[in-house]
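Biologist: I am new to this one and would like to understand the words you use for it. Could you show it to me and let me ask how you know each thing?

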Amino acid sequence: MSAKPSGDTPGRPTTIRDVAALCGVTASTVSRALTTPGRVNYRTRARIEAAAAELNYVPNAQAKALSSGRTRAVAVLVADITNPFYFDIIRGTQLQLKAAGYTQLLVDTEESDEVEVNTLEQMRQTADGVILTASRLSDEALAAASTKMPLVTINRDVAGVPSVILDTPTATNQALDHLISLGHSRIAYLGGPETSSSNMRRWDALSAAAMERHVEVVRLGPFAPRTYSGAAAADALVHSGATAGIAFNDLMAIGMLARLRERGLRVPEDMSIVGCDDIFGADFCSPPLTTVTAPVEQAGRVAVTMLLSQLNRGRGALPRSQSVLPTYLTIRGSTGVAPARPSSLGS
């Protein structure tokens, strides 16, 4: 082995050229020995590995990415990182990516399609693939993005784009049947963002089911999917004359419970409320919230599995184009028998 390189700047990280100089080989040989050892003979490889250990050489992740074309990182984009719904998705993606040896890059897109577009462009250089949750992009924009880099969406159904779908419309119809069984005949849907695919799918399912069951369902909103919007949603619900409301998500429903209490209306005696997502805390409300329960963490795991199958084509089964996960209604204390007449006189 050649003499140890001299004249190094104290504290300077060891480079691949330092290892090459110590071994008397080229930097490209060191790179092959450490990244594709089968391409270098045993004696040379052993000498290089010993030199790397002696010099405490740590391979540069960016250099490895340049040579392999892979960063071993996956970006996960969420619409609102403060929404507890995304906590389980993030945990599911994190665990699955870690098990596969990937790093998770988490981005809050702030319910903005512009932020999504800019982030996707940046991630083409820094991530191997992207998982988009509740994307606010148009179908055309999503389809175009999927041609530029591997991606999987959660809760978006766009032709040609791999997706994981939580079948919340089915459980929303279960909520409708539950309310009908309690005597409610005028029910309101408190809608979420107009750009939300889930919002559109739930309303389409609800309105069709209501026609089949000969009950009246009115659409109110749109409302922001936040707790603070629950006050306006509750006021609209009372004004509508409905005796029950199905909210776009639990955050809105929780805000509605607080506002109805302020107005002197009792839940469920005067008004029944149903949420969606079964977030942490939904069962701690007063009263505990009846809501749509979905396998959210599993959705994150499945999305990662689908993305990795795109990244590693040829190493197993063909990538799936879509996975639909079932949901169900969890009945708690916020729904009850319909009042004899609508309580529209809250203060």
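**Asking how we know**

Modeller: Gladly! This is a predicted model, and a good starting place is threonine 168, which lies in helix H8, spanning residues 168-181.

Biologist: Why is threonine 168 called buried?

Modeller: Its relative accessibility is 3%, and buried means under 20%, so threonine 168 counts as buried.

Biologist: What makes the pairing of threonine 168 with arginine 202 a polar contact?

Modeller: The two side chains come to 3.1 Å, and the cut-off is a pair of N or O atoms within 3.5 Å. Threonine 168 also touches other residues beyond its sequence neighbours, including Cys276, Val292 and Thr327.

Biologist: Since you mention Cys276, how many disulfides does a search of the structure find?

Modeller: Zero, across the whole structure. To count, two cysteine sulfur atoms would have to be within 2.5 Å.

Biologist: Are cysteine 276 and cysteine 285 buried or exposed, and how do you know?

Modeller: Cysteine 276 has a relative accessible area of 2% and cysteine 285 has 14%. The limit for buried is under 20%, so cysteine 276 is buried, and so is cysteine 285.

Biologist: Let us move to a helix. How do you know what span to expect of H6?

Modeller: Helix H6 covers residues 113-126, which is 14 residues. The expected span is 1.5 Å times one less than the number of residues. That gives 20 Å, and H6 reaches 20 Å from its first C-alpha to its last, close to the expected value.

Biologist: Which residues of H6 are buried, and what do they pack against?

Modeller: The buried ones are Glu116, Thr119, Leu120 and Met123. They pack against strands E1 (73-78), E2 (103-108) and E3 (129-133), and against helix H7 (139-146). A general point helps here: an α-helix has 3.6 residues a turn, so residues three or four places apart point the same way.

Biologist: What makes serine 112 a cap for H6?

Modeller: A side-chain oxygen of serine 112 lies 3.2 Å from the backbone nitrogen of glutamate 114, at the N-terminal end of the helix. That distance fits the limit of within 3.5 Å for a polar contact.

Biologist: Now for the interior. What makes a group of residues a nonpolar core?

Modeller: The members must be buried residues of certain nonpolar kinds, joined through side-chain atoms within 4.5 Å. The largest such core here has 42 residues, and among those with the most contacts inside it are Leu176, Leu190, Met256 and Ile273. Helix H11 (250-262) is among the elements giving two or more residues to this core, and H11 supplies its largest share, five residues. There is also a second, separate core of 29 residues, which includes Phe85, Tyr86, Val152 and Leu251.

Biologist: Which residues does methionine 256 contact?

Modeller: Leaving aside neighbours within four places in sequence, they are Leu190, Gly230, Ala233, Ala234, Leu237, Ala247 and Ile273.

Biologist: Gly230 is on that list. Why is glycine 230 called buried?

Modeller: Glycine 230 has 0% relative accessibility, so it counts as buried. This glycine lies in helix H10 and touches Met252, Gly255, Met256 and Arg259, not counting residues up to four places away.

Biologist: Which peptide bonds are cis?

Modeller: One joins glycine 221 and proline 222, with omega about 15 degrees; proline 222 sits in the loop between E7 and H10. Another runs from valine 267 to proline 268, with omega near 10 degrees, and proline 268 is in the loop between H11 and E9.

Biologist: What is notable about the phi of histidine 214 and of aspartate 278?

Modeller: Most residues other than glycine have a negative phi. Histidine 214 has a positive phi of about 60 degrees, and aspartate 278 has a positive phi of about 50 degrees.

Biologist: Why is histidine 214 called exposed, and why is aspartate 278 called partly exposed?

Modeller: Exposed means over 50%, and partly exposed lies between 20% and that limit. At 73%, histidine 214 is therefore exposed, while aspartate 278, at 22%, is therefore partly exposed. Histidine 214 is in the loop between H9 and E7, and aspartate 278 is in the loop between E9 and strand E10.

Notes
Residues numbered from 1 in each chain as written. Predicted model: local features only at pLDDT ≥ 70, side-chain atom pairs only at ≥ 80, totals over all residues. Heavy atoms only, no water. Buried < 20%, exposed > 50% of the residue type's maximum accessible area, 1.4 Å probe, protein only. Helix = DSSP H or I, 4+ residues; strand = E, 2+ residues; numbered from the N terminus. Contact = heavy atoms within 4.5 Å. Polar contact = N/O pair within 3.5 Å; in protein donor to acceptor, adjacent residues only side chain to side chain.
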